[in-house]
Amino acid sequence: MTQPSPNLLNPDRYFDTDPAQRRVARELYEASAKLPIVSPHGHVLPEWFSDPGASFGSPTELLIIPDHYVFRMLYSQGITLDRLGVPTRDGSPTETDHRKIWQLFADHFYLFRGTPTGMWLTQELVEVFAVDEKLSSHNAQDIYTHIEARLAEAAFKPRALFDRFNIEVLCTTDPANSRLEHHQAIRDSDWGGAIRPTFRPDGVVHLLVKGWQANIIALSEASGINVTSYANFLHALMQQREHFKALGATATDHAAETAHTTILSESEAEAIFQRALRQEASEADARAFVGHMLTKSAEMSIEDGLVMQLHVGSIRNHNSLIFQRFGPDKGCDIPHRVDFTHSLRPLLERVGNHTDLTLILFTLDESAYARELAPLAGHYPILKLGPPWWFHDSLNGMARYFDQVMETTGLHNTVGFNDDTRAFPSIPARHDVWRRASANWIAGMVVRGIVDLEDAYEMNLDLAYRLAKTAYRLD
Amino acid sequence: MTQPSPNLLNPDRYFDTDPAQRRVARELYEASAKLPIVSPHGHVLPEWFSDPGASFGSPTELLIIPDHYVFRMLYSQGITLDRLGVPTRDGSPTETDHRKIWQLFADHFYLFRGTPTGMWLTQELVEVFAVDEKLSSHNAQDIYTHIEARLAEAAFKPRALFDRFNIEVLCTTDPANSRLEHHQAIRDSDWGGAIRPTFRPDGVVHLLVKGWQANIIALSEASGINVTSYANFLHALMQQREHFKALGATATDHAAETAHTTILSESEAEAIFQRALRQEASEADARAFVGHMLTKSAEMSIEDGLVMQLHVGSIRNHNSLIFQRFGPDKGCDIPHRVDFTHSLRPLLERVGNHTDLTLILFTLDESAYARELAPLAGHYPILKLGPPWWFHDSLNGMARYFDQVMETTGLHNTVGFNDDTRAFPSIPARHDVWRRASANWIAGMVVRGIVDLEDAYEMNLDLAYRLAKTAYRLD
Amino acid sequence: MTQPSPNLLNPDRYFDTDPAQRRVARELYEASAKLPIVSPHGHVLPEWFSDPGASFGSPTELLIIPDHYVFRMLYSQGITLDRLGVPTRDGSPTETDHRKIWQLFADHFYLFRGTPTGMWLTQELVEVFAVDEKLSSHNAQDIYTHIEARLAEAAFKPRALFDRFNIEVLCTTDPANSRLEHHQAIRDSDWGGAIRPTFRPDGVVHLLVKGWQANIIALSEASGINVTSYANFLHALMQQREHFKALGATATDHAAETAHTTILSESEAEAIFQRALRQEASEADARAFVGHMLTKSAEMSIEDGLVMQLHVGSIRNHNSLIFQRFGPDKGCDIPHRVDFTHSLRPLLERVGNHTDLTLILFTLDESAYARELAPLAGHYPILKLGPPWWFHDSLNGMARYFDQVMETTGLHNTVGFNDDTRAFPSIPARHDVWRRASANWIAGMVVRGIVDLEDAYEMNLDLAYRLAKTAYRLD
């Protein structure tokens with residue numbers, strides 16, 4: 001059961017069916033398939049790796065309960081999150097029978113036909129867990145038993161899988177106020193896996209976010225700087241950036257509903273920050289402060305060399321009922337329209353021409369790809385485009401990205417792939433989809449005489465491996 | 001002349017030309033091609049079926065004069081609607097020589113190359129009317145004579161064609177204030193065709209629409225409830241919904257310029273309604289009332305089980321000159337940008353988590369497909385996505401829909417096909433385009449190893465037949 | 001070295017790799033490949049043709065320094081415009097060693113892989129300059145030497161290349177206040193090349209543009225009408241339009257950030273114009289005036305028969321630092337979202353139903369293609385859609401255009417191709433990309449049974465040659 005079943009996993013999957021293109025795609029893919037994985041942005045938990053004995057729990061705990069890609073689809077068809085064992089905020093009970101939850105999932109596996117989640121899970125079951133049948137109502141319990149047994153083996157502990165997956169480097173995402181104990185523990189251990197933190201200040205920058213006051217206290221504690229003003233807020237951030245760098249960080253990450261940027265005077269910023277400390281900040285204050293801190297963060301990055309990432313366009317917790325009962329990241333974040341051209345201009349006017357800053361942009365609004373993002377990144381030295389994000393991290397999403405972005409911005413203003421996942425065992429499958437999609441896209445250009453094979457090989461290695469390393473300064 | 005001419009109608013039309021994909025597409029299509037037609041939303045006139053002797057009139061009356069898809073294209077090239085016999089609002093004369101109009105149409109048939117109208121008409125002429133030549137200036141009169149003769153035959157009466165088309169069920173769209181006499185007459189007849197009404201309250205909900213006062217009077221008369229207040233307006237609507245249900249309705253239909261929803265207090269709603277009765281309602285009143293009534297209609301649907309449809313984004317009667325002379329639905333409705341994420345939130349916060357409500361969304365703004373609609377329908381239990389609508393009901397429109405919608409929302413959050421037409425003889429051609437496009441899309445996934453043949457067969461039947469029946473509660 | 005190298009230039013390039021489609025595409029392309037070039041809109045300098053001895057300068061002067069497509073990509077990767085020899089506004093020195101600039105370009109030629117600039121340059125080097133190797137760091141100086149030698153030959157003077165390129169007619173773009181001396185000189189010469197001016201009033205219509213006062217003075221001088229009021233501003237424009245027509249103009253061109261149109265009263269327009277003369281016009285004044293002048297220009301076109309073009313959606317000089325140092329057109333114009341449906345309505349209500357006016361629309365916001373532009377042009381007699389513009393003038397941009405525009409608007413509401421370039425030697429390559437992309441698109445419809453070969457040939461000639469001539473009244 002260790003060889004992938006050809007019935008479940010076509011070795012030429014995702015390639016164009018035209019024989020000429022498929023031949024070139026396969027040839028290119030063979031050159032990138034076995035390259036180490038560079039995972040510069042994601043949400044894997046560092047604690048899985050700091051403790052050598054850590055384990056992933058039951059199949060349901062690993063594959064269903066934490067994966068909002070999975071349970072949002074089930075929820076959309078009327079299956080409540082209670083029945084899927086998703087934990088509640090107030091601790092009120094939800095389903096605890098993991099085999100029952102697994103059965104419910106298997107009964108509805110048909111919902112994932114043709115979806116990226118379906119594709120990742122299929123590959124994961126076959127290649128990671130050596131399952132050799134398509135999941136169904138009938139074999140659900142047997143497959144559960146099989147995976148459960150695998151997860152109990154030493155070879156399926158997090159560190160063992162990290163090594164088996166051939167991950168060269170994996171970056172986690174960590175709050176700005178983190179002490180990074182788990183990262184420290186990994187460094188202190190005798191295990192050689194390269195896991196790096198990423199500095200994410202959203203929890204202290206978004207003034208109206210639930211728990212902001214507590215986040216600021218934690219920032220004071222972590223940094224050793226008592227955050228009582230905007231001025232020492234900045235010092236605390238800079239202090240923590242140094243701490244992150246010392247533990248291997250090469251990047252920061254910023255999320256916002258819009259791409260609004262602005263530049264406040266020091267006194268305006270201080271006044272807003274003081275109102276926030278008094279819990280009197282308005283929506284307008286919060287919006288201005290986020291926009292200001294993006295520009296400020298870019299300036300800090302010019303100083304300390306951390307690559308900056310900006311993820312824009314998700315309206316978080318769109319469904320209040322789900323948010324109140326289950327908390328954030330429960331499949332109810334919904335994208336909306338985003339302007340970049342006007343919104344980013346204040347930041348770009350301030351720092352856009354620096355050659356020692358990298359700002360990587362991510363969008364959930366694909367209509368900005370060809371219209372705004374490709375022209376922006378195709379001009380400003382600081383800008384690069386991140387790969388297709390979230391809902392667009394899919395076979396078609398990648399094809400649209402290549403189609404709409406590359407002609408204008410060029411390959412070298414992009415940054416390869418991000419898996420951006422907390423679903424650790426899906427990482428090889430996600431990178432495999434990207435490498436196949438890349439190879440196929442380039443093959444399409446070869447057979448249509450747009451690039452020659454020599455260039456094709458270079459582009460293929462760039463997309464699969466080199467661009468991510470370079471852009472994130474991981475080399 | 002009863003066999004389709006292979007020169008005019010390629011049996012493998014619309015399938016990818018790659019031999020492997022074409023083979024699978026053909027195989028899938030053969031499994032769905034002969035399935036009965038389920039037509040859950042459209043604008044066919046019930047009077048064609050209530051009178052056993054009803055006929056379609058001349059070829060020009062059937063195929064040109066009522067079809068705004070046809071005459072808008074001719075108009076765009078400078079052919080006035082007068083010359084095409086489109087009736088005027090004030091009864092001033094337009095062209096009455098149907099052969100002359102037909103000739104004008106045939107002289108410009110080249111305008112429809114590569115358009116869905118061209119594709120539907122070609123298939124309709126070949127398969128319904130057994131025309132075996134491409135329409136041209138030269139054969140226009142002969143073809144007219146031929147179709148005219150067919151239309152005089154018993155086999156070409158509406159009921160006969162309904163049976164020949166193998167229509168399992170066809171839903172019309174009827175104003176909320178209708179008495180549904182024609183539907184009653186169909187039920188009372190000995191003819192077995194399943195024709196169901198759909199409840200469309202736009203004419204009484206849009207307070208500033210031309211004729212609103214008259215529509216309210218008609219609602220009072222039809223419902224037997226004197227509509228003098230918002231409170232008994234709601235009663236009258238509920239009364240009529242019951243009447244529609246009694247005659248087979250399973251759905252309602254709502255159109256709006258935007259997806260704006262809101263919830264007014266009863267007193268606010270009443271105040272606006274009273275202003276409307278006094279002809280003093282403002283644009284803001286009208287907008288708020290439409291948004292409120294969408295939420296209210298969703299609540300009514302939870303009560304009575306009618307599936308709710310929402311068609312958003314058309315600016316009706318964009319060209320005042322045409323509207324004033326010829327009235328609505330004359331090819332001058334122009335779509336605009338629409339936000340769903342923010343606009344639908346008030347309604348979704350109220351009823352979005354119900355599992356006994358279905359709200360089907362239609363858009364003319366495809367940029368919302370991947371960004372907003374697929375994530376929304378991929379999360380909220382009440383939401384499903386309607387098929388490509390109007391300008392997007394086309395081969396490329398379908399391909400874009402499959403591409404942009406399916407990965408995120410999944411097949412089961414969609415509802416199969418709607419022909420949405422008043423052009424009755426085009427119905428088989430429209431469903432055929434969809435079934436071919438579906439089969440081809442699925443075949444593309446089969447040959448690229450994304451779904452296996454077993455799943456492909458299920459998906460193909462879902463798209464061609466089952467999803468429409470289930471979503472519209474027609475089973 | 002005069003035959004294109006098959007290694008560099010695949011004779012079947014840009015065609016689908018499926019053998020059936022490729023065969024039809026090649027057949028169609030062969031029918032259009034050798035047709036004369038009709039170039040109805042572009043930015044080639046007339047002075048290259050008025051002086052029989054004019055030359056293009058060095059390879060770097062011809063191919064790099066003036067081409068913002070080229071240097072924006074290099075700039076995005078951190079290569080300053082100074083190093084590329086782009087001249088500064090204040091005359092401060094930049095790199096003058098053309099061989100050094102060429103080397104820098106060649107060292108970074110990999111940035112253009114898969115981009116339209118890469119495709120045009122490759123074809124240009126092979127077909128115009130008979131270069132038979134791929135440009136690289138190693139051969140950069142040899143290729144420079146080779147091109148330099150060619151440019152010194154009589155056969156590479158502008159007029160000679162014009163003839164060799166088989167250009168039937170080429171339209172330049174000229175400010176409304178131009179005296180058109182170069183066009184006059186071309187007419188007066190014994191050379192037969194058909195070069196026509198296009199009337200572009202942006203510099204006098206955009207009240208806040210740098211240099212507006214000077215532009216008005218030049219308009220007074222050129223027209224012989226002292227522009228001291230809105231009233232005689234209109235007269236001066238009409239006078240100049242006549243002058244342009246006398247020298248062969250058949251069209252006007254208008255650029256705007258948005259598609260906003262409006263109709264001011266004569267007194268409002270006069271008041272704004274007077275404020276502008278006093279340098280007191282506000283942003284709102286400027287916006288209203290531009291919107292008003294679009295409507296006014298349409299009315300003038302009804303009078304004098306000039307075809308009107310509207311290019312919408314570019315935020316010019318987004319990067320102030322570059323604009324201040326190097327001036328406009330330096331690769332930092334960034335598109336933004338544009339509404340057409342509401343914005344154009346005032347103009348369309350005024351003149352939209354005229355059959356003797358043609359208004360050609362261009363967009364940088366492709367999300368409007370299927371949603372707004374195709375329905376608008378598929379209804380209003382005055383409207384036609386221009387080809388993919390600027391960032392979208394690319395192989396994928398063309399495919400998206402055909403996909404999203406044609407089904408709704410139909411071929412005959414489009415206008416063939418515009419090369420829109422100042423890079424004269426790239427003109428054949430640009431038209432070749434279009435002709436190949438067109439042939440391939442039509443071939444795709446042939447092999448899928450959507451159009452027959454007879455229609456395909458007509459459509460192919462329309463796109464390659466006939467539509468441009470007809471729409472721009474060049475026949």
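Before you click on anything, one term: a helix axis here is a line fitted to C-alpha atoms over the stretch in contact, and angles run from 0 to 180 degrees between N-to-C directions. Helices (H or I, at least four residues) and strands (E, at least two) are DSSP runs, numbered from the N terminus.

This is a predicted model, where local features need pLDDT of at least 70, side-chain atom pairs count only at pLDDT 80 or more, and totals for chains, interfaces and linings use all residues. Residues are numbered from 1 along each chain as its sequence is written, while chains are lettered from A and ligands numbered from 1 in the order in which they are written.

**Stop 1: two helices in chain C**

Select residues 19–32 of chain C, which is helix α1, together with residues 427–447, which is helix α19. Their axes come within 8 Å and cross at roughly 135°. α1(C) and α19(C) are therefore oblique to each other; that word covers whatever is left once angles under 35 degrees are called roughly parallel, over 145 roughly antiparallel and 65 to 115 roughly perpendicular. The crossing is right-handed, meaning that the near helix is turned clockwise from the far one by less than a right angle (anticlockwise would be left-handed).

Now show side chains. On the α1(C) side, the residues that meet α19(C) include Val24(C), Leu28(C) and Tyr29(C). Among their counterparts in α19(C) are Arg435(C), Ala439(C) and Val446(C). Contact here means C-beta atoms, placed from the backbone, within 7 Å. The residues of this contact divide into 10 nonpolar, 4 polar and 2 charged. For the classes, Ala, Val, Leu, Ile, Met, Phe, Trp, Tyr, Cys and Pro count as nonpolar, Asp, Glu, Lys and Arg as charged, and the others, Gly among them, as polar.

**Stop 2: the sheet in chain C**

Stay in chain C and colour the strands. You should find an open sheet of 3 strands in the order β1-β2-β4, with parallel pairing. Strands pair if DSSP finds at least two bridges between them. The edges are β1 (37–39) and β4 (195–196), each pairing on one side only. β1(C) is joined to β2 (residues 167–171) by 3 bridges. Pick Ile37(C), and you will see Ile167(C) of β2(C) opposite.

**Stop 3: the strands in chain B**

Jump to chain B and select β2, residues 167–171. Since 4 of its 5 residues are buried, β2(B) is largely enclosed by the rest of the structure. A residue is buried if 20 or more other C-beta atoms lie within 10 Å of its own, exposed if 12 or fewer, and partly exposed in between. β1(B), residues 37–39, runs parallel to β2(B) and is joined to it by 3 bridges. Ser39(B) has Leu170(B) as its bridge partner. β2(B) also pairs in the parallel sense with β4(B), residues 195–196, over 2 bridges. To find that pairing, click Cys171(B) and look for its partner, Arg196(B).

**Stop 4: inside chain A**

Go to Ile37(A), in strand β1 (residues 37–39) of chain A. Ile37(A) is buried, with 22 other C-beta atoms within 10 Å. Leaving aside neighbours within four places in sequence, its contacts include Phe165(A), Ile167(A), Ile427(A) and His431(A).

Next, select β6(A), residues 251–256, a mostly covered strand with 5 of its 6 residues buried. β6(A) runs parallel to β7(A), residues 307–312, and 6 bridges join them. Ala255(A) stands opposite His311(A) in β7(A).

Then take helices α13 (residues 266–277) and α14 (residues 283–304) of chain A, packed at about 130° with axes 10 Å apart. α13(A) passes α14(A) in a left-handed crossing. Among the residues making the contact are Ile272(A) and Arg275(A) of α13(A), plus Asp285(A) and Phe289(A) of α14(A). By class, the contact has 5 nonpolar, 1 polar and 2 charged residues.

**Stop 5: where the chains meet**

Finally, show the chains together. The contact between A and B takes 40 residues from chain A and 40 residues from chain B. On the side of chain A that touches chain B, α4(A) gives the most, with 4 residues. That side divides into 15 nonpolar, 17 polar and 8 charged residues.

Swing round to chains C and A: 40 residues of chain C are in contact with 40 residues of chain A. The largest share of the side of chain C that touches chain A, 4 residues, comes from α4(C). By class, that side has 15 nonpolar, 17 polar and 8 charged residues.

Notes. Two residues are in contact if their C-beta atoms, placed from the backbone, lie within 7 Å.
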